[in-house]
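Welcome! Please take a moment to look over the sequence and the 3D view before reading on.

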Amino acid sequence: MNAKLIGVVLVAFLVVMFFIQKSQINQIQQELATAKALAESQQRTVIQMQQQNAKVALISETKTKELNDAKEQIEQLERDVAAGNKRLLVNARCPTVPAKPSAASVDDERTAQLTANAERAYFRLRNQHELVIKQLTGLQEYVRALPAECVAQPLVTAR
């Protein structure tokens with residue numbers, strides 16, 4: 001009788017241990033599934049960020065090249081004007097020539113020209129204009145390339 005009782009207790013103990021182990025295995029499997037889902041989500045986020053970074057790098061590279069090309073064109077124009085190969089057309093008025101020309105009025109027949117300071121200022125303004133245009137279009141393209149969830153968030157104001 002004692003042997004039967006010990007056998008029943010032993011079987012009951014093994015059944016309880018089996019269910020405890022099964023419960024622990026199920027819990028670990030659930031935790032593993034949750035961890036896998038989190039890892040996959042993070043991997044997708046990393047891939048999206050890498051794609052976004054590639055888009056931004058391409059935009060940056062393109063806009064930098066466009067800006068450098070525009071600067072080179074302006075510098076070439078400046079060299080051409082300095083060498084006399086090209087002229088700047090300016091909407092200007094020359095002083096009126098007296099009705100009776102004199103020997104001193106021969107210089108009045110020349111075309112109007114910018115002063116050296118005005119010419120430098122002109123090219124500096126063209127450079128700045130191109131820079132602002134390229135920066136603005138680059139930022140617009142960057143914003144268009146952002147995922148919708150980034151653009152839809154409200155702006156945070158500085159305090």
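Here is a short tour, from one long helix to a pair of residues and then a surface patch.

This is a predicted model. Two helices carry the story: H1, covering residues 2–83, and H2, covering residues 116–145.

**Helix H1**
- H1 is built from 82 residues and spans 119 Å from its first C-alpha to its last, which is close to the 122 Å expected at 1.5 Å a residue.
- Several residues of H1 are buried: Gln52, Ile59, Lys63, Leu67, Ala70, Ile74, Leu77, Asp80 and Val81.
- What do these buried residues of H1 pack against? Their partner is H2.
- Just after H1 comes glycine 84, with a positive phi of about 85 degrees.

**Where H1 and H2 are linked by side chains**
- Try finding threonine 137, which sits in H2, and then lysine 63, one of the buried residues of H1.
- In sequence the two are 74 residues apart, yet their C-alpha atoms lie 8.2 Å apart in space.
- The side chains of threonine 137 and lysine 63 are joined by a polar contact of 3.4 Å.
- Why is threonine 137 called partly exposed? Its relative accessibility is 24%, and that label covers values between 20% and 50%.

**A nonpolar patch on the surface**
- Leu10, Phe13, Leu14, Val16, Met17 and Ile20 together make a nonpolar surface patch of about 540 Å².
- One of these residues, phenylalanine 13, belongs to H1.
- Phenylalanine 13 counts as partly exposed because its relative accessibility is 49%, and exposed would require over 50%.

Methods
Residues are numbered from 1 along each chain as its sequence is written. This is a predicted model: local features need pLDDT of at least 70, side-chain atom pairs count only at pLDDT 80 or more; totals for chains, interfaces and linings use all residues. Side-chain values use heavy atoms; hydrogens and water are left out. Patches are made of residues with over 30% relative accessible area and no salt bridge: like charges are joined within 9 Å, nonpolar side chains (Val, Leu, Ile, Met, Phe, Trp, Tyr) within 5 Å. Accessible areas come from the Shrake-Rupley method with a 1.4 Å probe; for residues, only the protein chains shown count as cover. A salt bridge is a side-chain nitrogen of Lys or Arg within 4 Å of a carboxyl oxygen of Asp or Glu. Helices (H or I, at least four residues) and strands (E, at least two) are DSSP runs, numbered from the N terminus. Buried means under 20% relative accessible area, exposed over 50%, partly exposed in between (1.4 Å probe, protein chains only). A polar contact is a pair of N or O atoms within 3.5 Å; within protein, one must be able to donate a hydrogen and the other to accept it, and residues adjacent in sequence count only if both atoms are side-chain atoms. The expected span of a helix is 1.5 Å times one less than its number of residues. Contact means heavy atoms within 4.5 Å.
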